[in-house]
Amino acid sequence: MTGSSGLVPVQDDDHILGAEQPELTIVEYGDFGCPFCFAARRPLESLLGRYDTLSLVWRHYPDSELHPGAGLAAEFSEFAAADGRFWDAYALLLAGRDHFSQEDLHSVARQLDLDPGEAESALRAHTFRERVLEDVRGAEKAGVHATPTFFLNGERLEGHWSQLAQLVPAALDKENAG
């Protein structure tokens with residue numbers, strides 16, 4: 001891991017799962033269409049289940065050229081967040097797709113009991129685009145170039161995300177020993 005002075009501190013409007021007063025916070029910059037973000041999801045959920053002093057923060061870094069519709073999927077997740085359903089949308093969107101159509105997003109809206117017409121209007125007007133772009137600007141400031149990119153308590157993870165399985169317990173042991 002390396003220092004990351006450019007990382008935007010965790011804020012109230014971040015999407016946070018896990019401990020309210022964490023000893024260790026993982027910040028993930030991700031793309032709902034990224035197969036590596038999808039692959040990392042289950043191990044992250046496992047770590048969150050094992051450690052009650054851990055939290056995960058999701059921040060958007062969609063690449064719509066590589067994953068068509070990823071930007072709209074990120075905007076849709078923010079539409080769901082306005083109804084308190086971000087993590088439900090996250091679970092349905094981060095499902096191994098590499099692109100998103102309007103029908104995919106309508107389907108997710110229906111599964112979440114959100115009004116597909118309201119979702120379509122919000123997406124057409126890009127109501128939540130600025131929220132997504134705020135994360136993208138933060139990613140760029142922190143030197144993020146690909147997804148997933150992880151930070152553990154503000155330090156960038158260099159290397160493969162699978163190292164989290166070893167780094168998280170070691171970091172928590174270090175926190176508890178200090």
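## A five-stranded sheet, two cysteines and some unusual backbone

Helix α3, which spans residues 86-93, lies across strands β1 and β3 and runs at about 70° to β3. This description, like everything that follows, concerns a predicted model.

The sheet to which these strands belong is open and has five strands, arranged in the order β1-β3-β2-β4-β5 with mixed pairing. Its edges are formed by β1 (15-18) and β5 (155-156), each of which pairs on one side only. Within the sheet, β2 (residues 24-30) and β3 (residues 54-60) run parallel and are joined by seven bridges. In this part of the sheet, Tyr-29 stands opposite Arg-59, a residue of β3.

The cysteines come next. How many disulfides does the structure hold? There are zero, and the pair Cys-34 and Cys-37 shows the reasoning: the closest cysteine sulfur to that of Cys-34 is the one in Cys-37, and at 3.6 Å it is too far for a bond, because a disulfide requires two cysteine sulfur atoms within 2.5 Å. Seen from the other side, Cys-37 is likewise in no disulfide, its nearest cysteine sulfur being that of Cys-34, 3.6 Å away. Are these cysteines buried or exposed? Cys-34 counts as buried, at 2% relative accessibility, and Cys-37 is also buried, with a relative accessible area of 1%.

The backbone deserves a separate look. Most residues other than glycine have a negative phi, and most peptide bonds are trans. Against that background, the peptide bond that joins Thr-147 and Pro-148 is cis, with an omega of about -10°, and Pro-148 itself lies in the loop between α6 (129-141) and β4 (149-152).

Positive phi values are found at Asp-113 and at Asn-153, neither of which is a glycine. The table sets out their angles, places and accessibility.

| Residue | Phi | Loop | Relative accessibility |
|---|---|---|---|
| Asp-113 | about 60° | between α4 (102-111) and α5 (116-125) | 70%, exposed |
| Asn-153 | near 45° | between β4 and β5 | 39%, partly exposed |

Asp-113 counts as exposed because its relative accessibility of 70% is over the 50% cut-off. Asn-153, at 39%, counts as partly exposed, and its loop leads back to the sheet, since it lies between β4 and β5, the latter being one of the edge strands.

Conventions. Residues numbered from 1 in each chain as written. Predicted model: local features only at pLDDT ≥ 70, side-chain atom pairs only at ≥ 80, totals over all residues. Heavy atoms only, no water. Pairing = 2+ DSSP bridges. Helix = DSSP H or I, 4+ residues; strand = E, 2+ residues; numbered from the N terminus. Contact = heavy atoms within 4.5 Å. Axes fitted to C-alpha atoms, helices over the stretch in contact; angles between N-to-C directions. Buried < 20%, exposed > 50% of the residue type's maximum accessible area, 1.4 Å probe, protein only.
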